[in-house]
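Trainee: I'd like to learn how to read a model like this one, feature by feature. Could you walk me through it?

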Amino acid sequence: MGEKINVKEIVKRKKEDLKLEVEKIKEKGINPKLAVILASDDEASKIYVGKKRKMCEELGILQEEYILDKNVDTQEVVEIIKRLNNDSSVNGILVQLPLFKHLNMDVILDTISDKKDVDGFHPLTLGKLFIGEAETFIPCTPKGIMTILDDIGTTYEGKHAVIVGRSRIVGKPISQILLKRGATVTICHSKTGDISLYTKQADILVAAVGKPHIITKDMIKPGAIVVDVGINRIAGKILGDVDTENALEVCSKITPVPGGVGLTTVLSLLENVVQATKEQNNI
Ligand code: NDP
């Protein structure tokens, strides 16, 4: 019988460490600051922005929000980002996705200075990640996944990691990180066909699909470590991509949903803000 990973406890510990780090930076007269741009009506996005605001408050990180209405155009968002790029009191810039449909996401994300790209979606940031450069921002969800895997003592060399999903924000970056750490990586997606052929071989299985319970117990290798990234809102409940309760009969460890990867995603953002502040001030 496997166990649910206590992600809440991991995040509590890491938050304490980060808070101390913020205090040390403040002793030098520097106040880490995150700027958040919300250009969307998406209810989930509003919740995520609220969670980020709350954690900033808990850690003593300053935060300013730009809540834009649906009349905003791409150029106006670009101008705000340019201003923030040049504002030395702002250390990190986050554009909450998804954006209003009429906005050009690529143009907007490409405007963020790679020095302040704390969400890690700028092509330069992702490029550095893909060539294995250490000095880069790791996108928040993959970074949070690694926080969990490392914390529970996962080893990677000689392991087969199977990622289901190939998105820019989760599937692709986590595959590169696991590859760099020595795992042999397989990426599955909607055109793979029978994904169970691959998932059954996974020592480390990462599900980032967005389909409730697409990963069932019979698709999991006995003893596997399972990371469930999925957040699916069904009839007022939040379900992951993995049928957790039954998966527990075969896997060794699994991240719960809710209370799993989502918690480390927010933590990772603020770790990146602290990293950006230190790099910008040569600390
Ligand atoms: P995307 O929709 O961008 O990507 C989903 C991926 O799943 C695509 O690569 C798609 O393949 C693949 N896919 C879709 N259907 C199947 C299928 N039947 N079999 C195999 N692969 C399939 O989603 P995201 O990566 O942005 O997010 C994935 C999930 O994670 C969502 O539920 C999202 O809410 C959640 N999420 C959670 C976060 C957290 O902090 N916990 C953060 C970010 C996301 P193809 O490329 O071929 O279309």
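**Reading the model, feature by feature**

Mentor: Let's start with a single side chain: R53 has a relative accessibility of 34%, so R53 counts as partly exposed. Keep in mind that this is a predicted model.

Trainee: Which residue does R53 form a salt bridge with?

Mentor: With E65, and the closest N and O atoms of that pair are 2.6 Å apart. E65 is partly exposed too, because its relative accessibility is 26%. Now place the two partners: R53 sits in helix α2 and E65 in strand β3, so the salt bridge ties together parts that are 12 residues apart in sequence.

Trainee: What about a salt bridge with both ends in helix α2?

Mentor: Look at E58 and K54, which form a salt bridge with their closest N and O atoms 3.2 Å apart. Both lie in α2, four residues apart, and that is about one turn of the helix. E58 has a relative accessible area of 30%, so E58 is partly exposed.

Trainee: How many salt bridges does the structure hold?

Mentor: It holds 16. One of them joins D151 to K14, where the closest N and O atoms are 3.9 Å apart. That pair links distant parts of the chain: D151 belongs to helix α6 (residues 140-151) and K14 to helix α1 (residues 7-27), with their positions 137 residues apart. Check the exposure as before: D151 is partly exposed at 27% relative accessible area, and K14 is partly exposed at 25%. Then follow the partners outward, and you get a network of salt bridges that links E9, R13, K14 and D151.

Trainee: On to sheets. How do I read one?

Mentor: The general idea is that strands of a sheet pair through backbone hydrogen bonds, either parallel or antiparallel. So you read the strand order and the sense of the pairing. Here, one open sheet has three strands in the order β3-β2-β4, and the pairing is parallel.

Trainee: Which strands are at the edges of that sheet?

Mentor: β3 (62-67) and β4 (92-95), each of which pairs on one side only. On average, neighbouring strands in this sheet are turned by 15 degrees against each other, direction ignored.

Trainee: How many bridges join β2 to β4?

Mentor: Four, with strand β2 covering residues 33-38 and running parallel to β4. For a residue-level view, take V36, whose bridge partner in β4 is L94. Helix α2 comes back here: α2 (residues 43-59) packs on the sheet and touches β2, β3 and β4, and its direction makes about 160 degrees with that of β3.

Trainee: And what is the strand order in the sheet of six strands?

Mentor: The order is β1-β11-β8-β7-β5-β6, in an open sheet with parallel pairing. Its edge strands are β1 (3-4) and β6, which each pair on one side only. Inside the sheet, β7 pairs with strand β8 (residues 225-228) in the parallel sense over four bridges. I204 stands opposite I225 in β8.

Trainee: Now a helix from the inside. Which residues of helix α7 are buried?

Mentor: In α7 (residues 171-180), the buried residues are G171, P173, I174, S175, I177 and L178. The next step is to ask what covers them: the elements include α5 (123-130), α6, β5 (160-164), β6 (184-188) and β7 (204-207). After α7 comes G182, with a positive phi near 110 degrees.

Trainee: How many disulfides does a search of the whole structure find?

Mentor: Zero. In general, a disulfide is a covalent bond between the sulfur atoms of two cysteines, so you look at sulfur distances. For C140, the closest cysteine sulfur is in C56, 11 Å away, which is too far for a bond. C251 is in no disulfide either, as its nearest cysteine sulfur, that of C188, is 18 Å away. Both C140 and C251 count as buried, because their relative accessibilities are 4% and 3%.

Trainee: Last one: where do the domains lie?

Mentor: The domain assignment of the protein chain gives domain 1 as 33-114 and domain 2 as 140-262. Taken over C-alpha atoms, the centres of domain 1 and domain 2 are separated by 28 Å.

Conventions: Residues are numbered from 1 along each chain as its sequence is written. This is a predicted model: local features need pLDDT of at least 70, side-chain atom pairs count only at pLDDT 80 or more; totals for chains, interfaces and linings use all residues. Side-chain values use heavy atoms; hydrogens and water are left out. A disulfide is a pair of cysteine sulfur atoms within 2.5 Å. Buried means under 20% relative accessible area, exposed over 50%, partly exposed in between (1.4 Å probe, protein chains only). Two strands pair if DSSP finds at least two bridges between them. Helices (H or I, at least four residues) and strands (E, at least two) are DSSP runs, numbered from the N terminus. Axes are lines fitted to C-alpha atoms, for helices over the stretch in contact, and angles run from 0 to 180 degrees between N-to-C directions. Contact means heavy atoms within 4.5 Å. A salt bridge is a side-chain nitrogen of Lys or Arg within 4 Å of a carboxyl oxygen of Asp or Glu. Domain bounds come from an automatic or database domain assignment.
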